[in-house]
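Trainee: I would like to go through the terms used for this model and see what each one rests on. Where should we start?

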Amino acid sequence: MSARAANALPGFDAESVRRDFPILDQQINGHPLVYLDNAATTQKPECVIEAISNYYRRDNANVHRGVHTLSDRATHAFEQARQAVADFLGSPRVEQVIWTSGTTAAINLVAHSWGRSTLRPGDRVLVSWLEHHSNIVPWQLVAAATGAEVIPIPVTDAGEIDLRSLADLLDGRVKMVAVNHVSNALGTVNPVLEIVSMAKAVGALVLVDGAQSVAHWPVDVPALGCDFFVMSGHKLFGPTGVGVLWGREALLEAMPPFMGGGEMIERVAFPTTTFNSLPFKFEAGTPNIAGAIGLAAAIDYLGTIDREAAMAHEAALLARTLELAAEVEGLRRVGTPAHAAGIFSFLLEGTHPSDVGMLLDQQGIAVRTGHHCAQPLMERLGIPGTVRASYSIYNTQEDVSRLFEGIHKAKRLFA
Ligand code: PMP
């Protein structure tokens, strides 16, 4: 057990966690920063910033091909980082971890490699109305190329996947069910285990978009039973530009390469080229070496956190938020899922979300406003967008109070 986990008090010392994140210690528009845009990207602890900086200061070289010491060091750190991700996700084999530039790139990889080689006219890909655009549009592109169809899985007014409708949609035509673990727009935690078992019953594969889940609780990917799992480093206290595709080995083995170039080949010749083994088959070109190292540092950092306590802390922040929200006349929480993770989406009667967002920024409070890259969901809910506050391990009850001071001010000014 790490020093911090061993020292963790009952409850959770968010103030101490907060001090690990240098960016949080600043004034915005004359007020101490309250950062509540964690679903868009999380902040980075000092150790991640240092790992990236140290890599560039001491070890920078290209990976895998070099015979010199720096290249050896860079390769070692890069492959150690892959192992750190494999351990973090509970992957049986490190070869199942493919580096990508993020969740979006990982979904595109599956859609274009598995999808184009497998889908036939009349086949179906189910995605929920809760999805981020990055789990809709790649499937639409592949559907257009293959003659397959993308069918949305209905959601309830509470913002939960309607499992009865899913059951009705599932038949032999469905080849893939692609859903997020947690909705970035509403915070809904989707019943992935149940969705996987329903999909498996008709022989469909399941892709889980874990962009929003991994920062909130430890995810054992094999235990989910899905075929693909994708995530982004930057939503997990790591850098931007790095992410992961995890896949079942047999599927990854059978899938054709998505991008061609250096590193992904075994031998290039005219007229035919043979391809490298996993995971390199899917990693054409120079990878984001510093990004991978930064992500591994973020995973190490999470290892110093008592994650059970962190979850309880985030749940307490959301519970207090809902209490305070209930006292604000004209405030409507958008989506009322029974199980939500760290996200509070709302509308304030008589105000536009972007006006509320700008007023909060004037008070040093960073939230996101708009459709949250989930336009179909907004259309389904009959709204143009929301104001979204999203919590992380370093937010405090003081942050929640500041948010509501801001909301009350917005109400006085606009509503
Ligand atoms: N899926 C979900 C649920 C997300 O929240 C996001 C980022 N907002 C993405 C996919 C896309 O992630 P990225 O931009 O890091 O590729």
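Mentor: With a definition: Asp, Glu, Lys and Arg count as charged, Ala is among the nonpolar residues, and those in neither group, Gly among them, are polar. Keep in mind that this is a predicted model.

Trainee: What makes the shell around the ligand divide into nonpolar, polar and charged residues as it does?

Mentor: The residues around the ligand are Thr103, Thr104, His132, Ser134, Asn184, Asp209, Ala211, Gln212, Ser232, His234 and Lys235. Ala211 counts as nonpolar, and Asp209 and Lys235 count as charged. The division is therefore one nonpolar, eight polar and two charged.

Trainee: Why is the pair formed by Asp209 and the ligand called a polar contact?

Mentor: The cut-off is 3.5 Å between N or O atoms. A polar side-chain atom of Asp209 lies 2.5 Å from a ligand nitrogen, so the pair qualifies. For Gln212 the partner is an oxygen atom of the ligand, at 2.6 Å. An N or O atom in the Lys235 side chain is 2.7 Å from a nitrogen atom of the ligand. Of the 400 Å² of accessible area that the ligand has on its own, the protein covers 85%.

Trainee: How do you know that the ligand sits in the largest pocket?

Mentor: The test is that more than half of its atoms lie within 2 Å of the pocket's grid points. The ligand is assigned to the largest pocket, so it meets that test.

Trainee: What makes up domain 1 and domain 2?

Mentor: Domain 1 is 3-44 + 306-414, and domain 2 is 50-302. Their contact takes 39 residues from domain 1 and 34 residues from domain 2.

Terms used: Residues are numbered from 1 along each chain as its sequence is written. This is a predicted model: local features need pLDDT of at least 70, side-chain atom pairs count only at pLDDT 80 or more; totals for chains, interfaces and linings use all residues. Side-chain values use heavy atoms; hydrogens and water are left out. A residue is near a molecule or strand if one of its heavy atoms lies within 4 Å of it. A polar contact is a pair of N or O atoms within 3.5 Å; within protein, one must be able to donate a hydrogen and the other to accept it, and residues adjacent in sequence count only if both atoms are side-chain atoms. Accessible areas come from the Shrake-Rupley method with a 1.4 Å probe; for residues, only the protein chains shown count as cover. On a 1 Å grid over the protein atoms alone, a cavity is a set of points where a 1.4 Å probe fits but cannot get out, and a pocket is an open set with protein on both sides within 12 Å along at least five of seven lines; lining residues have an atom within 4 Å of a point. Domain bounds come from an automatic or database domain assignment. Contact means heavy atoms within 4.5 Å.
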